[in-house]
Amino acid sequence: MSEVAGNSDNRGESARPPLRATFFARWRVRVGYLLAVVVLLLAHPTPRSIAIGGVVGLVGLWVRALAAGHLHKQEMLTVSGPYAHTRNPLYFGSAILTVGAAVAMNSWIAAALLVGYFALFYSVVMRREEGELRFHHGAAFDAYAKAVPLFFPRLTAAKLGSGAAGAFSFEQYQKNREHRAAIGFLLLLMLLVVEWRLRVGH
């Protein structure tokens with residue numbers, strides 16, 4: 001696949017992410033695990049909420065899978081596929097997954113915690129990664145950022161030249177280990193089913 005890439009001539013202090021961004025990037029997964037335990041304890045799932053949340057989550061998994069099949073980490077600036085609509089399709093897919101999980105849990109408190117966690121951590125992480133991309137790809141990334149929004153996707157694909165013509169690659173999907181997101185969400189739904197059965201049994 002042909003992607004747009006460039007090199008920055010301004011390397012140095014600008015390449016170092018802010019301390020806060022480094023902290024959020026380092027702790028987002030650990031906090032996420034702890035949050036998962038808390039929201040599961042707060043959840044009041046029903047068959048209907050699990051089914052609806054599962055469907056919403058499938059949309060998020062599809063977005064993430066499509067993005068993972070185009071993404072070439074640390075190799076080039078990916079602008080093809082969903083990256084021509086949003087600069088962060090993986091995180092946009094994760095946001096849909098978060099909504100799906102919140103619906104499945106059927107708890108306003110759990111939903112507020114999940115949405116708050118995502119908004120807090122990932123807004124910082126996205127800006128941190130933007131700095132890294134700008135450092136590595138320079139003017140190419142600046143041109144890309146002007147054409148494609150940070151998070152909420154544009155309806156039509158941005159016209160980015162030949163770099164936007166790449167095709168989905170299942171090999172890249174596997175290389176990016178995107179299947180773990182599907183396994184994780186399936187496990188969450190299974191736990192919610194078990195929790196519902198336990199509540200019904202009492």
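# A tour of a six-helix chain

Read from one end of the sequence to the other, the chain runs α-α-α-α-α-α. It has 6 helices and 0 strands. Keep in mind that this is a predicted model.

**Whole chain**

Begin with everything selected. The chain has 202 residues, and buried ones make up 44% of them. Now switch on the surface. About 11,800 Å² is exposed, and carbon and sulfur atoms supply 65% of that area. Then turn to the contacts with a separation of 6 or more. Residues 24 or more positions apart account for 85% of them.

**Stop 1: α3 against α4**

Select α3, residues 89-105. Add α4, residues 108-147. Two packed helices are described by the angle between their axes and the distance between the axes. Here the angle is about 170° and the axes are 9 Å apart. Angles over 145 degrees count as roughly antiparallel, so α3 and α4 are roughly antiparallel to each other.

Next, show the side chains at this contact. From α3, pick Y91, S94, A95, T98, A101, A102 and M105. From α4, pick A110, A111, L114, V115, F118, Y122, V125, M126 and E129.

**Stop 2: α3 against α6**

Keep α3 and swap α4 for α6, residues 179-201. How do α3 and α6 pack? Their angle is about 10°, with the axes 10 Å apart. Angles under 35 degrees count as roughly parallel, so α3 and α6 are roughly parallel to each other. On the α3 side, the contact uses L97, G100, A101, A104 and M105. On the α6 side, it uses F185, L188, L189 and L192. A101 and M105 of α3 also appear in the contact with α4.

**Stop 3: L192**

Stay on α6 and centre on L192. Is L192 buried or exposed? L192 is buried, with a relative accessible area of 0%. Buried means under 20%. Display what touches L192, leaving out residues up to four places away in sequence: L40, A43, P45, I50, A104 and M105. Of these, A104 and M105 belong to the α3 side of the helix contact. Now add S49. S49 and L192 are 143 residues apart along the chain, yet their C-alpha atoms are separated by 9.8 Å.

**Stop 4: A67**

Move to helix α2, residues 47-68. Select A67 in that helix. A67 is also buried, with a relative accessible area of 0%. Apart from neighbours within four places in sequence, A67 is in contact with P82, Y83, P89 and L90. Put a distance label between the C-alpha atoms of A67 and L90. They are separated by 5.9 Å, with the two positions 23 residues apart along the chain.

**Stop 5: salt bridges**

How many salt bridges does the structure hold? There are 6. Three are worth a selection.

- R64 and E178 come first. Their closest N and O atoms are 2.7 Å apart. R64 lies in α2 and E178 in the loop between α5 (170-175) and α6, so the pair ties together parts that are 114 residues apart in sequence. Both residues are buried.
- Go next to E130 and R87. Their side chains meet at 2.6 Å, N to O. E130 sits in α4 and R87 in the loop between α2 and α3, 43 residues apart, and the pair links distant parts of the chain. Both E130 and R87 are buried.
- Finish with R199 and E195. Their closest N and O atoms are 3.2 Å apart. The two residues are 4 apart in α6, which means that they are separated by about one helical turn. R199 counts as partly exposed at 38% relative accessibility. E195 is buried at 12%.

Before leaving, add R127 to the second pair. Salt bridges that share partners join R87, R127 and E130 into one network.

**Stop 6: a nonpolar patch**

Return to the surface view. Which residues make the nonpolar patch? Colour L34, V38, I109 and L113; together they make a patch of about 350 Å². The elements giving two or more residues to the patch are α1 (19-42) and α4. Zoom in on V38, which lies in α1. V38 is partly exposed, with a relative accessible area of 34%.

Methods: Residues numbered from 1 in each chain as written. Predicted model: local features only at pLDDT ≥ 70, side-chain atom pairs only at ≥ 80, totals over all residues. Heavy atoms only, no water. Patch = residues over 30% accessible without salt bridge, like charges linked within 9 Å, V, L, I, M, F, W, Y side chains within 5 Å. Areas by Shrake-Rupley, 256 points an atom, 1.4 Å probe, with all protein chains shown as cover. Salt bridge = Lys/Arg side-chain N within 4 Å of Asp/Glu carboxyl O. Buried < 20%, exposed > 50% of the residue type's maximum accessible area, 1.4 Å probe, protein only. Axes fitted to C-alpha atoms, helices over the stretch in contact; angles between N-to-C directions. Parallel < 35°, antiparallel > 145°, perpendicular 65-115°, else oblique. Contact = heavy atoms within 4.5 Å.
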